[in-house]
Each structure stands twice: as structure tokens, then as C-alpha cells.
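Please follow one residue outward from its own contacts to the cores of the chain, and then to the parts that call for caution.

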Amino acid sequence: MVRIIAAVLVAFGLAACQTEEPTVTVSSQNAGDTRVAKHLFGAMPSGSGQPSQSFGGYARGCQAGAEQLAETGPTWQAMRLSRNRNWAQPITVDFVQDLSRFAATQPGWEGLYIGDMSQPRGGPMLTGHRSHQTGLDADIWMLPPERLNLTAAERESISSISMRRNGGAYTNDKWTSQHEAILRAAASDPRVARIFVFPGAKVAMCNSATGDRSWLNKIRPWWGHHYHFHVRLNCPEGATGCTNQAPPPAGDGCADAERWVDNILNPPPPDPNAPPPAPRAELTMANLPGQCVGVLNAE
Ligand SMILES: [Zn+2]
């Protein structure tokens with residue numbers, strides 16, 4: 001299975017932020033609407049004036065009443081402002097700010113540089129992520145912020161730094177105990193459902209964790225995710241239109257992460273009987289929850 005996913009990712013050159021996809025069944029009120037959703041959602045400049053709500057699943061949904069994370073706060077800066085992806089549900093904006101306050105307590109960290117959250121009304125994007133559609137996902141840069149007065153131009157040009165070695169089997173010398181502390185704090189937050197990071201980082205944390213290990217359950221090894229980690233929140237309490245992903249399997253997941261590392265270091269031979277990966281169809285409006293039409297059309 002891992003091999004198939006790898007083949008798909010390679011075939012489509014999708015490096016950034018591909019994450020475990022929940023299977024979402026949508027009872028669509030907009031059957032027959034063949035408009036390609038990413039063109040519509042990718043063109044929305046601002047949030048909808050509706051009560052805040054997520055509709056659908058992380059990779060097949062949208063968001064109403066999104067908040068825009070302030071471009072600069074006391075302990076954070078939003079990066080790549082031109083992408084206009086610093087929009088999310090209020091719970092996500094709160095979470096990011098809370099985590100940034102914790103990060104600012106770490107030596108060498110003034111706070112956090114925040115990467116992509118969601119588009120103003122969520123939904124599929126013209127470039128990049130498959131998830132991040134419901135305002136409940138956020139990418140956090142691995143680069144420790146030394147200052148929080150970056151200009152807009154600097155936020156376009158500065159890059160994060162990679163934490164990986166040997167294709168993600170190990171962390172490199174940029175990886176610090178502060179990274180681990182920040183990831184641990186994020187994973188310990190009850191608002192968080194899972195966090196995606198490269199396999200070597202998960203194993204590093206498995207090896208250094210002391211005391212309570214339950215938080216490791218939410219740290220999920222995945223492709224990419226060595227310039228940033230990806231935090232996915234649970235649907236807020238009472239959000240009936242929002243679809244959660246099944247929780248990670250019980251346990252700390254460390255043996256699973258070791259298998260990922262083994263597969264990186266000693267890739268299994270390709271399966272000659274594996275079917276060629278099917279091209280992924282574009283999501284149309286009919287593939288999204290019916291409420292997403294309302295989100296698009298709202299003032
Ligand atoms: Zn992401």
C-alpha cells in the first residue's frame with residue numbers, strides 16, 4: 001500500500017503536504033453540478049459572511065465564516081501572504097496563536113512562522129494541498145523565527161529549512177529539542193486530531209520521549225513534511241456538517257514509524273502486478289457537500 005501511494009505521489013509530482021485522506025461520503029444536494037471546485041474556491045478573495053462552520057471532510061469540503069489570521073502577531077507571522085491562505089475556522093486561528101505563544105518560550109524561537117491554512121472559503125486549491133479544505137489544517141514552518149518583523153516581500157522570499165537526512169529516515173543537525181517540545185505541545189492539545197511529519201522525526205521523538213507517551217499517537221509519519229509540520233484539528237464540538245477522520249490506531253505508533261524508515265532505507269522492489277495509478281479526477285461542486293454552494297454564493 002505504501003508503495004502504491006509512493007508511486008502515485010511520484011507520478012504526479014506531489015511533494016507538498018499530502019496527507020492521509022479520510023474517506024468521506026457526501027450526500028450531495030448539488031448532484032450534477034460539474035463545475036470544477038478549485039476554480040471557484042481558488043478565486044474567492046475573502047471569507048463568507050456566515051456563521052463559522054466547516055462542511056465536509058479535510059480533503060473534500062469548504063468553510064463558512066472563516067477568520068483571517070493576523071499577518072503579524074506578538075508571537076507569529078503568516079508567511080507567503082500572496083497565497084491568501086491565512087484563513088481558517090476560529091478554533092484553528094486560536095490554536096495557532098496558542099501554539100505560537102508556547103513556541104516563544106523556547107530558546108531560539110521568537111514564535112512561529114505560519115504556512116498555509118485554508119483559502120478564504122476553504123475548498124480545493126489551484127495548487128498544492130489536497131486537504132486544508134475545511135479551515136481545520138495548518139502548516140507550521142520548521143524554521144525557528146529569529147525575528148517577527150519580516151516584510152511582506154521577505155515572507156515571499158525566505159524559505160523554511162529541511163530537517164531531514166537520508167530521504168527522511170533521520171533528522172539532520174537542524175533538528176532540535178525545541179522542535180520536539182513544540183510538536184509535543186501541539187500533539188498534547190485536545191483540539192488536535194493528528195500531526196503529519198516525516199518518518200525520521202517521529203522516530204526521533206519516539207526515542208527521546210520520557211514520561212507520558214500518549215501524545216505520540218497523534219504524530220503521524222508521512223511523505224514530505226520536513227520543511228513544515230501539518231496540524232489537523234478535530235471538528236469543533238457540535239459541528240454537525242463537519243466530518244472527522246477516524247482517529248489514529250491505538251498506541252504510540254512507533255513501530256509503524258520504524259517500518260516507514262525501513263522502507264526508506266531499503267525500498268521494497270516494485271510490485272510487477274501493481275496496477276498503474278489512476279489519475280485523480282478534479283473535484284467538482286457535486287463532489288462537495290451541498291452547503292458549499294451556499295458558502296460560495298454568500299456575501
Ligand atoms: Zn499541510
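Leaving aside residues up to four places away in sequence, Gln 63 touches Ser 54, Gln 89, Ser 118, Arg 121, Gly 122, Thr 134 and Gly 135, a contact being two residues whose C-beta atoms, placed from the backbone, lie within 7 Å. This is a predicted model, in which local features need pLDDT of at least 70 and side-chain atom pairs count only at pLDDT 80 or more, whereas totals for chains, interfaces and linings use all residues. Residues are numbered from 1 along each chain as its sequence is written.

Gln 63 lies in strand β2, residues 60–64 (strands are DSSP runs of E with at least two residues, helices runs of H or I with at least four, numbered from the N terminus). Gln 63 counts as buried because 34 other C-beta atoms lie within 10 Å, where buried requires 20 or more such atoms, exposed 12 or fewer, and partly exposed falls in between.

The largest nonpolar core (buried Ala, Val, Leu, Ile, Met, Phe, Trp, Tyr and Cys residues joined through C-beta atoms within 7 Å) has 48 residues, of which Ile 114, Leu 183 and Ile 195 touch the most other members. Helix α3, residues 90–103, gives the most to this core, with six residues. Apart from it lies another core of 12 residues, including Cys 62 and Ala 64.

As for confidence, the protein chain averages a pLDDT of 91, on the predictor's scale from 0 to 100 for each residue. Over residues 1–16, however, pLDDT stays under 50, and over residues 21–27 it is below 50. Where pLDDT is low, the predicted coordinates should not be read in detail.
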